[in-house]
Amino acid sequence: MFQTSRSSEISLPASLGDGDHQQWHTISQTLMTCWFHVHCINLSTRLEKVLFTGMPEVLEEVTRSPRVKISEVNIVTPPQLNMTGGWELSPLQQITIFERYHKENKALIGFQYLLMDGRVLTDQFDRRFKLSRSDIERRVISIQLYSSQSH
C-alpha cells in the first residue's frame with residue numbers, strides 16, 4: 001500500500017534508533033484507497049508516535065493493546081469514497097467490517113466508516129450482496145480515545 005525507495009531512507013545514529021526500525025523522509029501510495037492516521041501514546045514510556053496503516057486489523061490490534069493508547073484517529077479518504085472533489089482527512093469513530101462466510105471460505109464484502117461528525121462512508125467491494133443480509137457477518141472496531149488530561 002505504501003512504498004518508498006532506498007534513496008528516501010534517513011540514516012540515524014545508533015543512539016537515536018532501536019536497530020529494528022528504518023526511517024524514511026518520503027513514502028507514496030500507489031492505490032487510491034483509504035488509510036488511517038493514528039496518533040498513539042505508549043503509556044510506560046510516554047513516547048508518542050503516528051502510525052500510518054491501510055489495514056483496519058492493525059488499528060484493531062492497537063485498540064486492544066494495554067500499553068498503547070490512541071489519542072486521535074483520522075481516516076484519509078479518496079474522492080470516490082468521500083464523494084467530494086479531493087482527498088479528505090476526517091476524525092474516525094468506528095469501523096464496521098462486513099464479511100460473508102460460504103462453506104469454509106470467508107470473503108470480505110466491504111467496510112463502513114462512522115466519522116465523528118456523524119457521516120457514514122461505505123466502501124463495498126462486492127455489490128452482489130446487500131450489507132443488511134442476515135448471512136453477512138459484521139465486526140465492529142470501536143475507537144476509544146485516550147486523553148492524557150483525564151489520566
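**Briefing: strand β7 and the second largest pocket**

Strands β7 and β8 (residues 88-102) pair in the antiparallel sense, with four bridges between them. This description rests on a predicted model. The protein chain holds two helices and eleven strands, and 30% of its 151 residues are buried. Two topics follow the overall account: the pairing around β7, and the lining of the second largest pocket.

**Overall architecture**

- Read from the N terminus, the elements of the protein chain follow the order β-β-β-β-β-β-α-β-α-β-β-β-β.
- Of the contacts in the protein chain between residues at least 6 apart in sequence, 48% join residues at least 24 apart.
- The exposed area of the protein chain is about 10000 Å², and carbon and sulfur atoms account for 51% of that area.

**Strand β7 and its partners**

- Strand β7 spans residues 68-77 and is mostly covered, as seven of its ten residues are buried.
- Strand β5 (residues 35-42) runs antiparallel to β7, and eight bridges join the two.
- In the pairing with β5, W35 stands opposite V76 of β7.
- On the β8 side, T77 is found opposite E88.
- In a regular strand, side chains point alternately to one face of the sheet and the other.

**The second largest pocket**

- The second largest pocket contains about 170 Å³ of space.
- Rolling a probe the size of a water molecule over the atoms reveals where empty space remains.
- The residues that line this pocket are C40, K49, L51, V58, E61, V62, S65, R67 and V68.
- Sorted by class, the lining comprises five nonpolar residues, one polar residue and three charged residues.
- Helix α1 (56-64) and strand β6 (48-53) each supply at least two residues of the lining.
- The greatest contribution to the lining comes from α1, with three residues.

**Residue E61**

- E61 is located in helix α1 and is one of the residues lining the second largest pocket.
- E61 counts as exposed because its relative accessibility is 61%, above the 50% cut-off for that class.
- Although E61 and I141 are 80 residues apart in sequence, their C-alpha atoms lie 9.8 Å apart in space.

Conventions:
Residues are numbered from 1 along each chain as its sequence is written. This is a predicted model: local features need pLDDT of at least 70, side-chain atom pairs count only at pLDDT 80 or more; totals for chains, interfaces and linings use all residues. Side-chain values use heavy atoms; hydrogens and water are left out. On a 1 Å grid over the protein atoms alone, a cavity is a set of points where a 1.4 Å probe fits but cannot get out, and a pocket is an open set with protein on both sides within 12 Å along at least five of seven lines; lining residues have an atom within 4 Å of a point. Grid points are joined across faces, edges and corners, and a volume is the space filled by probe spheres set on the points. Ala, Val, Leu, Ile, Met, Phe, Trp, Tyr, Cys and Pro count as nonpolar, Asp, Glu, Lys and Arg as charged, and the others, Gly among them, as polar. Buried means under 20% relative accessible area, exposed over 50%, partly exposed in between (1.4 Å probe, protein chains only). Contact means heavy atoms within 4.5 Å. Accessible areas come from the Shrake-Rupley method with a 1.4 Å probe; for residues, only the protein chains shown count as cover. Two strands pair if DSSP finds at least two bridges between them.
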